[in-house]
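Got a model open and want to know how its pieces fit together? Let's walk through it.

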Amino acid sequence: MPVAASAIYFLNLRGDVLINRLYRDDVGGNMVDAFRMHIMQTKELGTCPVRQIGGCSFFYMRISNVYIVIVVSSNANVACAFKFVVEAVSMFKSYFGGAFDEDAIRNNFVLIYELLDEIMDFGYPQNLSPEILKLYITQEGVRSPFSSKASDKPIPNATLQVTGAVGWRREGLVYKKNEVFLDIVESVNLLMSSKGSVLRCDVTGKILMKCFLSGMPDLKLGLNDKIGLEKESQMKSRPAKSGKTIELDDVTFHQCVNLTRFNSEKTVSFVPPDGEFELMKYRITEGVNLPFRVLPTIKELGRTRMEVNVKVKSVFGAKMFALGVVVKIPVPKQTAKTSFQVTSGRAKYNAALDCLVWKIRKFPGQTEPTLSAEVELISTMAEKKSWTKPPIQMEFQVPMFTASGLRVRFLKVWEKSGYNTVEWVRYITKAGSYEIRC
């Protein structure tokens, strides 16, 4: 359920009401007194931003020297309420020249009341985009002398911006060269046992785009996800093509994506914002292709010596390579001296991290470099405690490789003028929490 706010209050640090707006008649005018008495005058202020008093809920947030309080009388979406507050403050700052405090509110009473009527209707959040609001609320706020200069960049076609579905893009954009850059960036999270069995593994990914396109283009993106391919084969009345398909979990889209079309056709269709933006995020828990496998062997030879052998195997194709590979191998705190032999890269002992740091600048695919090290420990008279071995950690970046197997099948650009576009697609896999138990 959306916010359905009954009232919104702006208070200073003493609890005085600077400005307020009642959107519904299901709460009394003494709600602010309850907030002062039960929250502001107790030590619980700031411990929890959501409180229930009587039959009402109070969502509050402090911005500078102002408390913004939303009062609701029914079950409401708390995350939506705080998102509304954050977006509203950003919008106010754009009118006030970057400042939002008690003085800015006192200097802009009339403008704030007008904005509160536009950004919330009967308690439901409306359009909070400063660019669109400034098209028809043209009054300028009293700006702080320290604020940045207002942007004079015009936004044409106010009617389309206000009523249409493309408030994130203005009309009239023209580029000499129309280009689209698409990056699929994935982070691999892994916990592996010392014997090589996977204990926990998932991939979090995002699709980043940078668009330099003229006019109002309509883009259509096709991925090798299982649901999308099955839906496409049903619509075309033919069997789906063979090949690897993946199942995307926890997918979230940018507001430009046409969700109605995605739900019906399972295709990502959108009118992109100008410049750089994040098109979508996703997570994958099954069928993960691990870029590296690590086989560690750590032997304790008596009280003062250790022998460390680590083999790292790159599983991706031989024509690919990883960059900036770092393997951190833990050693005891009483390490005194180390000696290394590596088949690739460089290794050293880092006393601050209590680990051996093995760095390989360029790691080719289908190779198995090894590290062998002898560690001498400081001999102590105290009884030796068993060493709890922390996991080995890895850092890396593998271009043109996706651990999930996600691939772009097509990226189509349509614009009424029919210009030609150049599309660039890049894949990058990075290490998230990549750990191997010793």
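What follows is a short set of questions and answers.

This is a predicted model, so to speak: local features need pLDDT of at least 70, side-chain atom pairs count only at pLDDT 80 or more, and totals for chains, interfaces and linings use all residues. Residues are numbered from 1 along each chain as its sequence is written, and side-chain values use heavy atoms, with hydrogens and water left out.

Q: Is strand β1 (residues 7–12) largely enclosed or open, and how many of its residues are buried?
A: Buried means under 20% relative accessible area, exposed over 50%, and partly exposed in between (1.4 Å probe, protein chains only). Strands (E, at least two residues) and helices (H or I, at least four) are DSSP runs, numbered from the N terminus. One side of β1 has Ala7, Tyr9 and Leu11, the other Ile8, Phe10 and Asn12, and all are buried. So the rest of the structure largely encloses β1, the buried count being six of the six.

Q: Which residue in β2 is the bridge partner of Phe10?
A: Strands count as paired if DSSP finds at least two bridges between them. β1 and β2 (residues 17–22) run antiparallel with five bridges. On that side, Phe10 is matched with Ile19.

Q: Which residue stands opposite Phe10 in β5?
A: β1 also pairs with β5 (residues 66–72), antiparallel, through six bridges. There, the residue facing Phe10 is Ile68.

Q: Within what arc do the buried residues of α1 fall?
A: Helix α1 (residues 31–40) buries Met31, Val32, Ala34, Phe35, Ile39 and Met40. Looking down the axis, they line one face of the helix, because they fall within an arc (taken from the directions from the helix axis to the C-beta atoms) of 160°.

Q: How many residues apart in sequence are the parts tied together by Glu368 and Lys311?
A: Their side chains form a salt bridge (a Lys or Arg side-chain nitrogen within 4 Å of an Asp or Glu carboxyl oxygen), at 3.6 Å from N to O. Glu368 sits in the loop between β19 (355–364) and β20 (370–377) and Lys311 in strand β15 (residues 305–314), so the parts they tie together are apart by 57 residues.

Q: Is Asp354, the partner of Lys333, buried or exposed?
A: Lys333 and Asp354 make a salt bridge, with the closest N and O atoms 3.1 Å apart. Lys333 is exposed, at 67% relative accessible area. Asp354 has a relative accessible area of 16%, so it counts as buried.
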